[in-house]
Amino acid sequence: MTTAPLPALNDNRRGALLLVAAAGIFTAEVTAVRLLGDRASSGQIVFFRGFAQLIVVGTWIALRDPGLLRTARPGLHLLRGLTSLLCWLLYFRSFQLLDLSLATTLTFTTSLFTVALAPLVLGERVGLANWVLTALGFGGVALAAGATGLSADPAILLGLAAAAAAAVLVFLNRILSRTENTATIMFWISVVACLGTAPVAALDWQPIGLPALLLLSAAGICGTLGMLLTIEAYRVGEVAPLAPFPYTRIVFAVAVGAALFGEWPTARSLLGIAIITGCALAVRHRR
C-alpha cells in the first residue's frame with residue numbers, strides 16, 4: 001500500500017500565483033477609482049472601501065469564529081485604523097492625479113520608508129548598504145517623476161506620503177500580529193475607517209448614480225480581495241522567493257494606463273521605475 005505524499009510546507013508556486021492575481025485585482029481597484037473621476041468625493045471612496053472590507057471580513061468572522069471580534073488592544077487597533085484611513089485617502093487621491101504606472105510604483109517605496117523609519121520606531125540598526133539603496137530608490141522617484149531642480153508634480157508627494165503611512169502600518173502590523181488574528185486586525189481597520197470617514201463623506205456628499213455606485217463597490221471589493229489573497233500567499237509561501245511577484249502590478253499598471261487612459265511612460269520614467277523597483281527589491285531581500 002502506497003502512502004500519499006505529505007503536502008509541502010511551503011508552496012511557493014501557489015503563493016506566486018496568488019500574488020500575481022492580487023496584483024491584477026489591486027490594479028482593477030485603482031482603475032475603478034480612476035474611472036470614477038469626480039463623481040465621488042475622497043471621503044465616499046474611502047468609506048466604500050472600508051464598508052466592503054467590513055462586510056466581507058465581518059461575514060467571514062460571523063460564520064467561522066465570532067470570538068475573533070474580541071481584542072485586548074483596542075487602542076492599538078484604533079491607531080492602526082486611523083493610519084489606514086489616512087493611507088487610503090492619500091493613496092486613492094494619488095491615483096486620481098498621477099499616471100497609473102507612476103502612482104503604482106510609488107506604492108513600492110514603502111520598503112524604502114521602512115528602512116528609513118526602522119531606527120526611529122524599532123531601534124533597529126540599518127546597514128550602510130540599505131541606506132545607499134534607499135537613497136538610490138528615492139533618486140529613482142525623482143527620475144520617474146521628471147523632477148527638474150526643485151520642481152516636481154505636487155501629487156508625487158501624495159503618493160510618497162501614502163507610502164510613508166503604509167510603512168507605519170508595517171510596524172503596527174508587526175506589533176499587533178503577535179497577539180491578534182489577521183481577520184481581527186482587518187475587521188477593526190474597516191470599523192475605524194467607516195466611522196472615521198462617515199462624517200467626512202456626509203459633509204462632502206455627492207449624489208451617486210448607478211455607474212458610480214458600481215465602480216465604488218468594485219473598488220471596495222477588489223481592495224479587500226487583494227488583501228486577502230496577499231495574506232494567503234504569504235501564509236502558504238516563503239517571503240524571500242515571493243518578493244518579486246507583487247511588482248507585477250507595475251506591468252499591469254503600464255498596460256492598463258496605456259490601453260484605457262493613453263498614458264505612455266517615457267524612457268526616463270521607465271528608468272526611474274526600474275531603479276525604484278530594483279532598490280525596493282534589494283532592500284526587502286536584505287531585511
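How many salt bridges does the count come to in this protein? The count comes to four, and I will go through three pairs after a short overview. Keep in mind that this is a predicted model.

First, the overall fold. The protein has twelve helices and zero strands, so read from the N terminus, every element is α. Of its 287 residues, 46% are buried. Among contacts with a separation of 6 or more, 89% are between residues 24 or more positions apart. The accessible surface comes to about 14300 Å², and carbon and sulfur atoms account for 69% of that.

Now the salt bridges. Side chains of opposite charge can pair when their charged atoms come close. One pair is Arg-14 with Glu-232, where the closest N and O atoms are 3.3 Å apart. This pair links distant parts of the chain, with Arg-14 in helix 1 and Glu-232 in helix 9, 218 residues apart. Arg-14 is partly exposed, at 41% relative accessibility, and Glu-232 is also partly exposed, at 22%.

Glu-232 has a further partner, Arg-235, with the closest N and O atoms 2.7 Å apart. Here the two residues sit in helix 9, three residues apart, or about one turn of the helix. An α-helix has 3.6 residues a turn, so residues three or four places apart point the same way. Arg-235 counts as exposed because its relative accessibility is 58%, and the cut-off for exposed is over 50%. Together, Arg-14, Glu-232 and Arg-235 are linked in a network of salt bridges.

The next pair is Arg-34 and Glu-263, at 2.5 Å from N to O. Arg-34 is in helix 1, while Glu-263 is in the loop between helix 11 (248–261) and helix 12 (267–286), and 229 residues separate them. Both Arg-34 and Glu-263 are buried.

Next, two of the helices. Helix 9 covers residues 210–236, and its 27 residues should span 39 Å at 1.5 Å a residue; the end C-alpha atoms are 39 Å apart, so the two values agree. Its buried residues include Leu-215, Leu-216, Gly-220, Cys-222, Gly-226 and Val-236. Helix 2, residues 42–64, passes the same check: 23 residues should span 33 Å, and the end C-alpha atoms are 33 Å apart. Among the buried residues of helix 2 are Ile-45, Phe-48, Arg-49, Gly-50, Gln-53 and Ile-61. What do the buried residues of helix 2 pack against? They pack against helix 1 (12–36), helix 3 (74–97), helix 8 (182–203) and helix 9.

A glycine in helix 8 is worth a look alongside Gly-50. Gly-196 is found in helix 8 and is partly exposed, at 31% relative accessibility. The C-alpha atoms of Gly-196 and Gly-50 are separated by 9.9 Å, with their positions 146 residues apart along the chain.

On cysteines, the count of disulfides is zero. Cys-194 is buried, with a relative accessible area of 8%. Cys-222 is buried as well, at 18%, since the cut-off for buried is under 20%.

Last, the surface. Which residues form a nonpolar patch there? Leu-128, Trp-131, Val-132 and Leu-136 do, with about 410 Å² of accessible area together. Val-132 lies in helix 6, residues 128–145, and counts as partly exposed, at 43% relative accessibility.

Notes: Residues numbered from 1 in each chain as written. Predicted model: local features only at pLDDT ≥ 70, side-chain atom pairs only at ≥ 80, totals over all residues. Heavy atoms only, no water. Helix = DSSP H or I, 4+ residues; strand = E, 2+ residues; numbered from the N terminus. Expected span 1.5 Å × (residues − 1). Buried < 20%, exposed > 50% of the residue type's maximum accessible area, 1.4 Å probe, protein only. Patch = residues over 30% accessible without salt bridge, like charges linked within 9 Å, V, L, I, M, F, W, Y side chains within 5 Å. Areas by Shrake-Rupley, 256 points an atom, 1.4 Å probe, with all protein chains shown as cover. Salt bridge = Lys/Arg side-chain N within 4 Å of Asp/Glu carboxyl O. Disulfide = S-S within 2.5 Å. Contact = heavy atoms within 4.5 Å.
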